[in-house]
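Reader: Hi, I'd like a close look at one part of this model, the nonpolar core, and at what sits around it. Could you walk me through that in one go?

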Amino acid sequence: MGNMKLTLKIWRQNGPNDKGRMETYPVNDVSEDMSFLEMLDVLNDQLIREGKDPVAFDHDCREGICGMCSLFINGEPHGPGRGITTCQLHMRKFKDGDTIFIEPWRSAAFPVIKDLSTNRSAFDRIQAAGGFVSVNTSGNLVDGNAVPIPKDDADKAFDAATCIGCGACVATCPNGSAMLFVAAKVSQFALLPQGRPEAKRRVLAMVDQMDKEGFGNCSNTGACEVECPKGISLEHIARMNREYLAASVTKE
Ligand code: SF4
Ligand code: FES
């Protein structure tokens, strides 16, 4: 049931080298039960019918798992509401007649591909630098469940592992820092016995890659923790800093 009329102010940019500009689009017949992305689908249907270029935006699972959706809505990454991604945001958070500003993640390390879609492959390269556990495949594997792990450590590692790599932490940080993301990926392994053999190499390599990608420094504003849809705690940044210091001073 469509019952809301909205004015959308959307960032349009033809490519990484285009200057970009805000454009205004009215949309009618928006139901409060639609997700934010479904509302953009309505707009794009409308634009296609009018022979115009639809708005490019990232999405995949549309259920808060993949981390692809990434919109800065009315000045907040993933829009109003806490603990949700853009795809989990519903139009009932807005009201008839509202004007909504929609922009891409803004960070030098996440260049705009087109409109609202950004290149977040910097995160993939950080992950590839050390965000894994090497597995011995010679035939003498130990069942992961056979290694006892204190419940508290397992819970904290699991919390860190819920990071979906969306990049909202970078987008909201005044310094464009990726510390919360990298800290989650480092903590996920640092807290488990399976992650310890490669812990030093991992934290040094991932932080080094983060610096190479051009992310800013952390100045403890805490904005990342507030806007993170998965509630990743600043505690993980403190843990990563300890891991990094210990690895640096004992480096061979
Ligand atoms: S730490 Fe949170 S905001 Fe940052 S990438 Fe992971 S899930 Fe997204
Ligand atoms: S589209 Fe996958 S988390 Fe939003």
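Author: Here is a walk from the overall layout to the core, then on to the ligand shell and the sheet.

First, a caveat: this is a predicted model. The protein has 252 residues, and 36% of them count as buried. Its C-alpha trace spans about 60 × 35 × 35 Å along the principal axes. In secondary structure you get 8 helices and 7 strands. As for contacts between residues at least 6 apart in sequence, 70% join residues at least 24 apart.

The protein splits into domain 1, residues 4–114, and domain 2, residues 121–249. Their centres, taken over C-alpha atoms, are 29 Å apart. Where the two touch, 18 residues of domain 1 are in contact with 16 residues of domain 2. The domain 1 side of that contact has 9 nonpolar, 7 polar and 2 charged residues.

Now for the part you asked about. The largest nonpolar core holds 58 residues, and V170, L180 and V182 have the most contacts inside it. Quite a few elements chip in with at least two residues each: strand 1 (4–12), strand 3 (71–73), helix 1 (36–49), helix 2 (121–130), helix 4, helix 5, helix 6 (199–212) and helix 8 (235–249). Helix 5 gives the most, with 9 residues. Why does this core lie between the two domains? Because domain 1 (4–114) and domain 2 (121–249) both give residues to it.

V170 is a handy place to zoom in. Leaving out residues up to four places away in sequence, V170 touches W105, S107, A109 and F110, along with G176, S177, A178 and F215.

Helix 4 and helix 5 turn up again at the ligand. Helix 4 covers 168–172 and helix 5 covers 179–190, and each supplies at least two residues of the shell around ligand 1. Helix 5 gives the most here too, with 3 residues. There are 14 residues around ligand 1, and the ones that come nearest are C163, C166, A168, C169 and C228. Sorted by class, the shell has 11 nonpolar, 2 polar and 1 charged residues.

Back to the strands that feed the core. Strand 1 and strand 3 supply core residues, and the sheet they sit in is an open one of 5 strands, in the order 2-1-5-3-4 and with mixed pairing. Strand 2 (21–30) and strand 4 (76–77) stand at the edges with a single partner strand each, so one side of each has no neighbour in the sheet.

Take strand 1, which has a partner on either side in that order. Strand 1 and strand 2 run antiparallel and are joined by 8 bridges. With strand 5 (residues 99–104), strand 1 runs parallel, over 4 bridges. I10 shows both pairings: I10 stands opposite E23 in strand 2 and opposite I102 in strand 5. Strand 5 also pairs with strand 3, this time in the antiparallel sense and over 3 bridges. There, F72 has E103 of strand 5 as its bridge partner.

To pull it together, helix 5 gives the most residues to the core and also the most to the shell around ligand 1.

Note on methods: Residues numbered from 1 in each chain as written. Chains lettered and ligands numbered in written order. Predicted model: local features only at pLDDT ≥ 70, side-chain atom pairs only at ≥ 80, totals over all residues. Near = placed C-beta within 6 Å. Nonpolar A, V, L, I, M, F, W, Y, C, P; charged D, E, K, R; others polar. Domains from an automatic or database assignment. Contact = placed C-beta atoms within 7 Å. Buried ≥ 20, exposed ≤ 12 C-beta atoms within 10 Å, placed from the backbone. Core = buried A, V, L, I, M, F, W, Y, C linked by C-beta atoms within 7 Å. Pairing = 2+ DSSP bridges.
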